[in-house]
Amino acid sequence: MFGIPGKAAVTLTPAATRQIAKLMARDGSKGLRIGVKKGGCAGMEYTMDYVTEVNPLDEVVEQDGARVLIAPMAQMFLIGTEIDYEVDLLHAGFKFRNPNVAEACGCGESIKFKDAPAA
């Protein structure tokens, strides 16, 4: 929908690819759907849900056995994002490196997107 022809809307690191493929196999899902919603202290939050049915309007990114589907309303916010999976002593989770983010809260789960340039 908003993608660049011949280029994936998002990229996955090897760690994210392994984790998503593992989650898909464990739960028998068709992938993970990524979206954004209003909420959090910075204004927006990422969402991730297991996919049982593919929406024909989803942007589908497949890489090494992992499948990510980007919800239609989130596509313009996620173009160019790198998704990683990080593990440290205190937590493990997906990390979004999104060039469209203007600011994020301290916990990193709430984001504010850059304003569109004036016409």
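This is a walk through the aromatic pairs, the salt bridges and the surroundings of one arginine in a predicted model.

Let us begin with the rings. A pair of aromatic rings is described by the distance of the centres and the angle of the planes. Rings of Phe, Tyr and Trp count as a pair if their centres lie within 6.5 Å, and by this rule there are two aromatic pairs. In one of them, the ring centres of Tyr46 and Phe96 lie 4.1 Å apart and the planes meet at 10 degrees, so this pair is stacked. If you trace the chain, you will see that the pair links distant parts of it: Tyr46 sits in strand E3 (residues 44-50) and Phe96 in strand E7 (residues 92-97), 50 residues apart. Are these two residues buried or exposed? Buried means under 20% relative accessible area. Tyr46 has a relative accessible area of 17%, so Tyr46 is buried. Phe96 is buried as well, with a value of 17%.

Tyr85 and Phe94 also form an aromatic pair, and this one is edge-to-face. Here the distance is 5.0 Å centre to centre, with 65 degrees between the planes. As for its surroundings, Phe94 has a relative accessible area of 23%, so Phe94 is partly exposed.

Now for the charges. Side chains of opposite charge can pair when their charged atoms come close. How many salt bridges does a search of the whole structure find? The count is seven, and three of them make good stops on this walk.

Start with Asp27, which forms a salt bridge with Arg26; their closest N and O atoms are 3.4 Å apart. Asp27 is partly exposed, at 40% relative accessible area, while Arg26 reaches 60% and therefore counts as exposed.

The next stop is Glu62, whose side chain meets that of Arg67 in a salt bridge with an N to O distance of 3.1 Å. Glu62 is exposed, with a relative accessible area of 55%, and Arg67 is partly exposed at 24%.

The third stop is the salt bridge between Arg97 and Asp84, where the closest N and O atoms are 3.2 Å apart. This pair links distant parts of the chain, with Arg97 in strand E7 and Asp84 in strand E6 (residues 81-87), 13 residues apart. Arg97 has a relative accessibility of 34% and so counts as partly exposed. Asp84, by contrast, is buried, with a relative accessible area of 11%. If you widen the view, you will find Glu82, Asp84, Glu86 and Arg97 linked in a network of salt bridges.

To finish, turn to Arg33, which lies in strand E2 (residues 32-38). Which residues does Arg33 touch, not counting those up to four places away in sequence? Its contacts are Thr47, Met48, Asp49, Val51, Glu53, Val54, Asn55, Asp58, Leu69 and Ala71. Two of these neighbours are worth a look for their polar atoms. A polar atom of the Arg33 side chain lies 3.1 Å from the backbone oxygen of Glu53. The side chain of Arg33 also makes a polar contact with the side chain of Asp58, at 2.7 Å. For a sense of scale around this residue, the C-alpha atoms of Arg33 and Thr52 are 9.8 Å apart in space, with their positions 19 residues apart in sequence counted as the separation.

Notes:
Residues numbered from 1 in each chain as written. Predicted model: local features only at pLDDT ≥ 70, side-chain atom pairs only at ≥ 80, totals over all residues. Heavy atoms only, no water. Phe/Tyr/Trp six-rings, centres within 6.5 Å; stacked < 30°, edge-to-face > 60°. Helix = DSSP H or I, 4+ residues; strand = E, 2+ residues; numbered from the N terminus. Buried < 20%, exposed > 50% of the residue type's maximum accessible area, 1.4 Å probe, protein only. Salt bridge = Lys/Arg side-chain N within 4 Å of Asp/Glu carboxyl O. Contact = heavy atoms within 4.5 Å. Polar contact = N/O pair within 3.5 Å; in protein donor to acceptor, adjacent residues only side chain to side chain.
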